[in-house]
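Colleague: I should like to learn how to read the features of this structure. May we go through them one at a time?

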Amino acid sequence: CEDLKSNKAFSPLLKLDWNGWEEISYGGYKCLERAKAAEFLVRSWMEEVCPGTSARIMSYIIGLDSLKAISLEDTTLMTKDIRLRMDGLFEHEKHAIEFTKEFMALYTNGLAGGGGGI
């Protein structure tokens with residue numbers, strides 16, 4: 001990697017960032033609303049500890065919008081099982097680690113159905 005970073009021909013193509021990703025499932029009554037709330041919580045928590053990083057996070061609701069072919073604002077779909085996936089591409093390793101920690105907090109401090117009791 002060091003040889004590639006020092007080579008001017010490759011430097012525009014090679015940008016080393018840190019990736020963090022997590023997934024959590026929700027099922028049953030209002031699972032879509034709980035997944036949206038979980039996404040909001042993770043983004044909010046990240047802004048508290050690492051301001052400006054929530055813009056580097058992409059989220060998908062697998063089973064609903066993982067192909068990004070629909071708008072969630074217009075959907076009236078009834079679903080009983082979905083999975084929230086969030087990916088972050090960060091400039092610093094500590095931000096990727098913090099993202100993983102904040103997402104994992106959903107299991108103990110998050111919405112009911114993901115392990116938490118909110």
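Modeller: Let us start with burial: a residue is buried under 20% relative accessible area, exposed over 50%, and partly exposed in between, with a 1.4 Å probe and protein chains only. Helices (H or I, at least four residues) and strands (E, at least two) are DSSP runs, numbered from the N terminus. The model is a predicted one, in which local features need pLDDT of at least 70 and side-chain atom pairs count only at pLDDT 80 or more, while totals for chains, interfaces and linings use all residues. Residues are numbered from 1 along each chain as its sequence is written, and side-chain values use heavy atoms, with hydrogens and water left out.

Colleague: Which residues of α3 are buried?

Modeller: They are H95, A96, E98, F99, E102 and F103. Viewed down the axis of α3, these buried residues fall within an arc of 160°, so they line one face of the helix. The arc is that of the directions from the helix axis to the C-beta atoms. The exposed residues K94 and K101 are carried on the face turned away from the buried side.

Colleague: What covers the buried residues of α3?

Modeller: Contact means heavy atoms within 4.5 Å. The cover includes β1, α2, β2, β3 and α4 (106-109).

Colleague: How are the strands of the sheet ordered?

Modeller: Two strands pair if DSSP finds at least two bridges between them. Here an open sheet of three strands has the order β1-β3-β2, and the pairing is antiparallel. β1 (18-27) and β2 (57-62) are at the edges, each with a single partner strand, so one side of each has no neighbour in the sheet. β2 and β3 (residues 81-90) pair over six bridges; within β3, R85 is the bridge partner of Y60.

Colleague: Where do the helices lie relative to the sheet?

Modeller: Axes are lines fitted to C-alpha atoms, for helices over the stretch in contact, and angles run from 0 to 180 degrees between N-to-C directions. Helix α2 (residues 31-49) lies across β1, β2 and β3, at about 20° to β3. Helix α3 (residues 93-104) also lies across β1, β2 and β3, at about 10° to β1.

Colleague: How many salt bridges does a search of the whole structure find?

Modeller: A salt bridge is a side-chain nitrogen of Lys or Arg within 4 Å of a carboxyl oxygen of Asp or Glu. The search finds seven. One of them joins R56 and E91, whose closest N and O atoms are 3.7 Å apart. R56 is in the loop between α2 and β2, and E91 is in the loop between β3 and α3, so the pair ties together parts that are 35 residues apart in sequence. R56 is partly exposed at 29% relative accessibility, and E91 is partly exposed at 47%.

Colleague: What separates K101 and E98 in helix α3?

Modeller: They are three residues apart, which means a separation of about one helical turn. Their side chains meet in a salt bridge of 3.6 Å, N to O. Elsewhere, salt bridges that share partners join E23, R83, R85 and D87 into one network. Within that network, D87 and R85 have their closest N and O atoms 2.9 Å apart, and D87 is buried at 13% relative accessibility.

Colleague: Is D81 buried or exposed?

Modeller: D81, in strand β3, is exposed, with a relative accessible area of 56%. Leaving aside residues up to four places away in sequence, D81 touches Y26, G27 and C31.
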